[in-house]
2 protein chains.
Amino acid sequence: MSIYQRIFTDVETKIISGDWRPGDRIPVEHELAAEYRCSRMTVSKALSALAERGMIVRRRKTGSFVASPQIDRTVMDIQDISTEAELAGHEHRFEILARKVERLGEAEAQQLSEPADAEVLRLQCLHIVDGRPNAIERRIIMLDAVPRARDESFASIPPGKWLLDEVPWSKAKHIIRAVSADTTTARILQTERGEACLSLIRQTWQNGRTVTYVEFTHPGDRFQFAGTFHPMAN
Amino acid sequence: MSIYQRIFTDVETKIISGDWRPGDRIPVEHELAAEYRCSRMTVSKALSALAERGMIVRRRKTGSFVASPQIDRTVMDIQDISTEAELAGHEHRFEILARKVERLGEAEAQQLSEPADAEVLRLQCLHIVDGRPNAIERRIIMLDAVPRARDESFASIPPGKWLLDEVPWSKAKHIIRAVSADTTTARILQTERGEACLSLIRQTWQNGRTVTYVEFTHPGDRFQFAGTFHPMAN
DNA sequence: TATATCTATTTGTATAGTCAAAAGCGGAGC
DNA sequence: GCTCCGCTTTTGACTATACAAATAGATATA
């Protein structure tokens with residue numbers, strides 16, 4: 001493994017593991033060069049690559065800092081709903097419909113590849129944009145990965161946003177599907193039973209452990225994902 | 001603009017414009033270094049960045065080549081269906097349901113931001129995976145951007161694949177929605193009227209001109225988009 | 001013929017430096 | 001107080017060079 005790659009992955013690991021948090025200053029180039037016994041060019045290459053990936057921000061004279069989690073880097077990088085809603089200039093609020101601490105069932109445990117007796121916080125939450133139901137959020141938070149969730153009521157901060165603060169960087173897997181609204185879903189979303197809904201499932205890991213598993217169900221007539229792509233990205 | 005950036009964008013432009021096509025060999029580093037009157041390091045940096053973006057492939061001794069259009073770089077980078085199907089080991093075939101040359105209507109022209117009288121090839125196509133209908137493809141190909149489409153029957157090659165050969169690199173905008181199947185759609189997809197369907201709309205440009213606009217409608221119970229993300233990507 | 005070896009080419013990584021641009025900081029002068 | 005000037009730190013871009021690794025193609029050998 002090259003020095004450049006070692007620096008890259010070391011810094012990346014520190015950020016993803018939460019060791020270095022958004023806003024933290026990371027050592028300046030000559031310090032890392034001394035630490036890794038290499039030239040400044042090599043460090044510079046690693047940090048520039050991290051900057052290009054959006055993990056750090058670099059500023060002359062002041063240094064390099066861990067970036068805030070990326071918003072909207074790709075379409076799939078769908079952020080917490082309230083952030084999205086605010087960005088677009090809409091009024092967003094949410095209601096906690098259910099909140100309980102329990103242990104994972106056998107079927108779910110298998111689905112998440114987590115032990116069956118793992119303690120989790122199960123949340124159900126309704127998001128309302130401009131006065132209309134916009135999404136049901138069904139979420140599982142692994143309490144051994146995020147113990148502080150046990151004492152959080154989520155009365156004033158949506159779970160997605162709260163988790164973004166707690167666990168800013170992570171690895172995620174997404175699935176997008178179209179599903180028909182069942183009776184309960186239709187009632188909550190104030191739509192028809194059988195209405196086409198867009199379902200986004202996201203499982204998030206940190207250090208190989210599941211942090212959270214969430215399914216957003218959006219009424220098909222009120223929501224879509226969109227994005228522009230370009231080979232060059234950015 | 002730095003030399004590094006100039007090389008990067010110059011090469012990128014040549015690829016996206018179709019000047020250099022997939023498989024083409026691009027000048028070796030010392031040639032570009034001579035052309036741009038810079039050191040090989042600078043060229044190397046630019047080409048490495050392009051390689052990281054997946055636009056070129058670099059091999060020692062043999063040189064650097066324009067890559068094949070990226071498959072599966074992000075979830076949104078959903079490729080031509082037959083390619084996807086083959087990759088997953090499924091049997092794929094397709095039928096052309098309709099094919100006609102006409103001029104864009106007022107409403108559509110506005111939607112595509114193209115002149116209302118533009119000549120287009122309108123296609124409707126059914127994709128069948130493992131014997132079951134998997135998607136309806138409704139496509140518009142701009143004939144002034146891709147004149148050769150006029151003489152192509154698409155009997156043996158699906159339009160998406162054909163376009164990928166014609167116009168390998170492009171800029172694209174995607175929209176994902178959930179929609180209910182209307183009567184026609186349901187009949188073609190052999191599903192129920194009202195069934196939740198996943199709709200993927202993609203508009204593709206090259207050199208600022210629309211190349212194609214396509215909507216894929218998948219039965220919700222037979223299709224999903226999935227992908228893993230990671231701050232580092234790759 | 002088949003296989004092993006050599007050679008030339010091209011990319012990959014790294015060094016040790018230079019100069020420049022950005023920007024925070026402190027002090028001089030008003 | 002405020003503004004301007006210069007100093008310093010840090011990143012950014014670049015050079016010229018070196019050597020290593022991969023490998024296609026030619027050559028030599030069994």
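1. Starting with DNA strand C: 25 residues sit around it, and A:I3, A:T42, B:R40, B:R58 and B:R60 come nearest. Keep in mind while reading that this is a predicted model. Where does the protein meet the strand, on bases or on sugar and phosphate? Among the atoms of DNA strand C within 4 Å of the protein, 63% belong to sugar or phosphate, and the rest to bases.

2. Some polar contacts to strand C can be looked up one by one. On the base side, a polar side-chain atom of A:R60 is 3.4 Å from a base nitrogen of DNA strand C. On the phosphate side, B:R25 has a polar side-chain atom 3.4 Å from a phosphate oxygen of this strand, and B:S64 likewise places a polar side-chain atom 3.4 Å from a phosphate oxygen of DNA strand C.

3. Which elements build the surface near strand C? Chain A brings α1 (3-16) and α3 (40-52), while chain B brings α2 (29-35), α3 (40-52), β2 (56-59) and β3 (63-66); each of these supplies at least two residues. By residue type, the surface near DNA strand C divides into 11 charged, eight polar and six nonpolar residues.

4. Now DNA strand D. It is surrounded by 25 residues, and the closest are A:R40, A:R58, A:R60, B:I3 and B:T42. Sugar and phosphate make up 64% of the atoms of DNA strand D that come within 4 Å of the protein.

5. The contacts to strand D that I'd click through involve phosphate oxygens. In the side chain of A:R25, an N or O atom is 3.4 Å from a phosphate oxygen of DNA strand D. For A:S64, the distance from a side-chain N or O atom to a phosphate oxygen of the strand is 3.5 Å. With B:S39 the backbone is involved: one of its backbone N or O atoms lies 2.8 Å from a phosphate oxygen of DNA strand D.

6. As for the elements near strand D, those giving two or more residues are α2 (29-36), α3, β2 (56-59) and β3 (63-66) of chain A, plus α1 (3-16) and α3 of chain B. Which element gives the largest share of this surface? That is α3(B), with four residues. The surface near DNA strand D divides into 12 charged, seven polar and six nonpolar residues.

7. Away from the DNA, have a look at helix α6 of chain A, residues 159-166. Its buried residues are A:P159, A:G160, A:W162 and A:L163. Why can they be said to line one face of the helix? Viewed down the axis of α6(A), the buried residues fall within an arc of 160 degrees, so they line one face. What do they pack against? The partners are β5 (119-129), β6 (132-142) and β9 (209-219) of chain A.

8. One of those buried residues, A:W162, also turns up in the aromatic pairs. The count over all chains comes to two such pairs. A:F154 and A:W162 form one that is edge-to-face, with 5.3 Å from centre to centre and 85 degrees between the planes. A:F154 is buried, because its relative accessible area is 0% and the cut-off is under 20%. A:W162, with a relative accessible area of 6%, is buried too.

9. In chain B, the ring centres of B:F154 and B:W162 are 5.3 Å apart and the planes are at 85 degrees, so this pair is edge-to-face. B:F154 and B:W162 are both buried.

Terms used
Residues numbered from 1 in each chain as written. Chains lettered and ligands numbered in written order. Predicted model: local features only at pLDDT ≥ 70, side-chain atom pairs only at ≥ 80, totals over all residues. Heavy atoms only, no water. Near = heavy atom within 4 Å. Polar contact = N/O pair within 3.5 Å; in protein donor to acceptor, adjacent residues only side chain to side chain. Nonpolar A, V, L, I, M, F, W, Y, C, P; charged D, E, K, R; others polar. Buried < 20%, exposed > 50% of the residue type's maximum accessible area, 1.4 Å probe, protein only. Arc of directions from axis to C-beta. Contact = heavy atoms within 4.5 Å. Phe/Tyr/Trp six-rings, centres within 6.5 Å; stacked < 30°, edge-to-face > 60°.
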